[in-house]
Amino acid sequence: MKSEVLSIALPLLLLASMPAAAEWHHREAAIMGTRIAVELWHDDPGEAAAATEAVLEEMHRVDGLMSHYRPESQLSRINAHAAEGPVAVDPELAGLIDEAAGFSERTGGAFDITYASVGYLYDFRERRHPTDAQIEAGLAAVDWRHVIVDLGASTVRFTQPGVRIDLGGIAKGYAVDRAVALLAARGVRHASVTAGGDSRILGDRFGRPWVVAIRHPDDPQRFIARIPLEDAAISTSGDYERYFDEDGERYHHIINPSTGRSAGGLRSVTIIGPNATETDAISTSVFVLGPERGLALIEELPDLDAVLVRSDGKVLYSSGLTPP
Ligand code: AMP
Ligand code: MG
C-alpha cells in the first residue's frame, strides 16, 4: 500500500521540483510588412509567451511610428509638413533619423533616407518606375543634408520642398535591436529575433552557435553559406526582395541616391556585426556601393564582416570570414 502511494507521489514530486517546461518557444507573425520570427529558450511557458508577445507589441509600436504606409504615422507627418517648418516627433524617431545621417556620413551618402524623394515614384507591385525626366526632377531633393534634426527640441524639418524620407533601410534592424534588449531585460539569455532580412542573436544554443543561412538570390530553398553566430546581428539586402523585371532590366527596391535608379553590381549583401541597426543600414549601403567600394568599406570597419553575391554569381567574403 505504502509503496503504491510512493510510486505515484515520487514522480509528482520530481515534476514539481523541475522547471515546468524548459524548452524552445517559437512564434511567427506578419508585422512591418514582413515576416517576424521569435525563438527563445525559457523554463516558464507563461513567461515565454509573455516575452514573445512583448516583442510583437514592440514591433507594432515601431511600425506605427515609422511606417510610410500609414498616413497617421509620425514619419508620414514629417513627410507631409517638414518642408513648412519643424515637426515635433518622439525623441526616439528624431534619434533614429539622426543616426541615419551618421550612416550617410560614414558611407559617403550611399545610405540616404531621402532616396525616397525619388524612391516613392517606384511601385514594385504595380511594376511602375519613374521616367528619366521624373528622376532628374526628383534628384534635387535627394540629399541627407536636407534633413535637419534638432535632438534637443525633438523636431525634424526639411530645408526645401520635395524632400521625402523613408526608414525602410534601417527600421527593421532597429526594431530587432529593441526586441532583443527587451528580451534581455526580462531575463531571456538565448534567443533569435528576425524581421525580414534582419536578425539578432542573443547568447548561444547551449554550447553551440546559432546557424543562420544566407539564401541563394534566385532560389529561396538553396543556400550559399551558413554562418555560425553568437551574440551578433546579421542583415541581408537582396535584389529579389521587392522587384520587377522589364526589358531585361531588374527594377528593385535598393536605390542609388546619386542616380535615383536601382543599384547594380550585386545580387545580395549580408553584413554581420554587433547590432542590427548597424548591419541593416550597412547592408543597404554596401549594396549601393557595389562590390569593390562596398568590400573596401567593410575592411575599414573592424566590427563588421560581409558576404557578397556579385551580379555574375561569384560569392565574395570580407577578410574576417576568409580562411587564412
Ligand atoms: P534593406 O532590405 O535593408 O536593404 O532595405 C531596403 C529598403 O531600404 C528599401 O525597401 C527602401 O525602403 C530603403 N532604401 C532603398 N535605398 C536606400 C538607400 N540608398 N538608403 C537608405 N535606404 C534605402
Ligand atoms: Mg538594410
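## A buried glycine, a covered ligand and two odd phi angles

Gly-260 is buried, with a relative accessible area of only 2% (buried means under 20% relative accessible area, exposed over 50% and partly exposed in between, with a 1.4 Å probe and protein chains only). Its place is the loop that links β13 (255–256) to β14 (261–262); helices here are DSSP runs of H or I with at least four residues, strands are runs of E with at least two, and both are numbered from the N terminus. The C-alpha atom of Gly-260 is 6.0 Å from that of Ile-135, although 125 residues separate the two along the chain.

This is a predicted model, in which local features need pLDDT of at least 70 and side-chain atom pairs pLDDT 80 or more, while totals for chains, interfaces and linings use all residues. Residues are numbered from 1 along each chain as its sequence is written, chains are lettered from A and ligands numbered from 1 in the order written, and side-chain values use heavy atoms, leaving out hydrogens and water.

**The chain as a whole**

Let's step back for a moment. The protein chain has 324 residues, and 50% of them count as buried. Its secondary structure adds up to eight helices and 17 strands. Measure out the C-alpha trace along its principal axes and you get about 95 × 50 × 40 Å.

**Around ligand 1**

Where does ligand 1 sit? It occupies the largest pocket. A pocket, on a 1 Å grid over the protein atoms alone, is an open set of points with protein on both sides within 12 Å along at least five of seven lines, and a molecule sits in one if more than half of its atoms lie within 2 Å of its grid points.

There are 16 residues around the ligand, and those that come nearest are Asp-166, Ser-237, Ile-255, Asp-280 and Thr-284 (a residue qualifies if one of its heavy atoms lies within 4 Å). By type, the shell divides into seven nonpolar, five polar and four charged residues. Which element gives the most to this shell? That would be helix α8 (residues 276–300), with three residues.

Ligand 1 also has some polar contacts to show, meaning pairs of N or O atoms within 3.5 Å. Asp-166 has a polar side-chain atom 2.5 Å from an oxygen atom of the ligand. Ser-237 gets there too, with a side-chain N or O atom 2.5 Å from a ligand oxygen. For Thr-284, the distance from a polar side-chain atom to an oxygen of ligand 1 is 2.7 Å. Taken alone, the ligand would expose 500 Å², and the protein buries 96% of that (Shrake-Rupley areas, 1.4 Å probe).

**Two positive phi angles**

Ser-154 isn't a glycine, yet its phi is positive, at about 55°. You'll find it in the loop between β4 (147–150) and β5 (155–158), and at 9% relative accessibility Ser-154 counts as buried. Asp-247 is another non-glycine with a positive phi, this one about 50°. Its loop runs between β11 (243–246) and β12 (249–252). Is Asp-247 buried or exposed? It is exposed, with a relative accessible area of 76%.

**More buried spots**

Ser-73, in the loop between α2 (45–66) and α3 (74–81), has 0% relative accessibility, so it counts as buried. Its side chain reaches the backbone oxygen of Ser-67 at 2.5 Å.

Phe-287 belongs to helix α8 and is likewise buried, at 0%. Ile-113 falls in the loop between α4 (91–106) and α5 (116–119), where its relative accessible area of 6% makes it buried. Ser-192 is part of strand β6 (residues 191–195) and is buried too, at 11%.

Each of these last three can be paired with a residue elsewhere in the chain:

| Pair | Apart along the chain | C-alpha to C-alpha |
|---|---|---|
| Ile-113 and Arg-164 | 51 residues | 8.0 Å |
| Ser-192 and Leu-93 | 99 residues | 25 Å |
| Phe-287 and Ala-48 | 239 residues | 37 Å |

Terms used: Polar contact = N/O pair within 3.5 Å; in protein donor to acceptor, adjacent residues only side chain to side chain. 1 Å grid on protein atoms, 1.4 Å probe; cavity = no way out; pocket = protein on both sides within 12 Å on 5 of 7 lines; lining within 4 Å. Nonpolar A, V, L, I, M, F, W, Y, C, P; charged D, E, K, R; others polar.
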